[in-house]
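User: I am new to this structure and would love a close look at a single part of it. Could you walk me through it step by step?

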Amino acid sequence: MELPIPLRQGVERLLEKVPLPTLKQAAKTLSDRYRAELRDGRLHMAEEMAVKAYLATRLPATYAAVHASLDAVSEARPDYAPKTLLDVGAGPGTVLWAALDLWPDLEQAVLIEASAAVRRVGEALATEAMTARIAWLAGDVTIDLAGLQPAELVTCAYVLDEIGPASLPKLIDRLWHLTDDTLLVVEPGTPAGWQRILAVRRQLIEAGASVLAPCPHEAPCPLLPPDWCHFSQRVARSRLHRLAKDADVPWEDEKFVYVAASRQAVAPPQARVIAPPKSGSGKVLLKLCEKDGSADEKLFTKRDGDVFKAARRLGWGDALPE
């Protein structure tokens, strides 16, 4: 997964004159804050250099995770083509770029972002590359969502880890009320991120939402700690990305977890692959979350015929069709 060409070119222009030592230090500081899930009253990207560090080291990965999550929505609802987007905690417009890649006829987007530095960068990146009407609004997602118009697609990506647990139920309730059709929440693929997604999922089901993805059921999650549900996207690192992170490997794997819920009920897939497949000669072992609410490993061999042929083409995160 790579950034769209206009976005990649825009990022390169913004970063071309940034001294590497300065960028490396900003990237380390930003990474430390994210890993610690700090909630100290400061925005992770309050300063311009933190935003540039994010563009260099985090944007490709978060874009890939968001795109994969939206892809699952599109797969569950092939007829779905939202015209309006509300993105809460928008960062530099990551969700907007991914949504436009999947649904180029998107007409209007409202992006809520607290950091003025991030909003400036997001607007600069989008100015010449998009025809959708875009409104960037300043706001704290926990208190500033009043007066907004509902949208067909509402998203909240990599935001909940910055919010105190006591504020989450009210935020999710507000997001669901602003959702005309589908709500997508994406979080880092950590055990803590999974727990937040489980809480969101329970609340949305109780509110009458239908789960689109990744779960093929609305029963309690069958996984128990220390196991947890998450997915992965491999991301190519640019030269600057490798230099900023002192990385030798030309790629990284972004772990993420998400839930997509809709006001429209859809037939669930038979199962979803929730771990990397294990392949051998004439066989493939898949860990599946199934529509009866169970999760287990299942072996497919050549004796299974067409089912085996379909199973060996599946990757981590893919749905197993009926």
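In which helix is Thr 94 found? Please take me through its surroundings.

Analyst: Happy to! Keep in mind that this is a predicted model. Thr 94 is found in helix α5, which covers residues 94-102. With a relative accessibility of 6%, Thr 94 counts as buried, because the cut-off for buried is under 20%. Leaving aside residues up to four places away in sequence, Thr 94 touches Tyr 54, Leu 59, Thr 62 and Tyr 63.

Some of those names come up again when we look at the helix packed against α5. Helix α4 (residues 59-76) has an axis that comes within 9 Å of the axis of α5, and the two cross at roughly 45°. The two helices are therefore oblique to each other, and the crossing in which α4 passes α5 is right-handed.

Who makes this contact? From α4 come Leu 59, Thr 62, Tyr 63, Val 66, His 67, Leu 70 and Asp 71. On the α5 side, Thr 94 is joined by Val 95, Trp 97, Ala 98, Ala 99, Asp 101 and Leu 102. Sorted by character, the residues of this contact are nine nonpolar, three polar and two charged.

So to return to your residue: Thr 94 is buried, and Leu 59, Thr 62 and Tyr 63, which are among the residues it touches, also belong to the α4 side of the contact between the helices.

Conventions. Residues numbered from 1 in each chain as written. Predicted model: local features only at pLDDT ≥ 70, side-chain atom pairs only at ≥ 80, totals over all residues. Heavy atoms only, no water. Axes fitted to C-alpha atoms, helices over the stretch in contact; angles between N-to-C directions. Helix = DSSP H or I, 4+ residues; strand = E, 2+ residues; numbered from the N terminus. Parallel < 35°, antiparallel > 145°, perpendicular 65-115°, else oblique. Left-handed = near helix turned anticlockwise from the far one by under 90°. Contact = heavy atoms within 4.5 Å. Nonpolar A, V, L, I, M, F, W, Y, C, P; charged D, E, K, R; others polar. Buried < 20%, exposed > 50% of the residue type's maximum accessible area, 1.4 Å probe, protein only.
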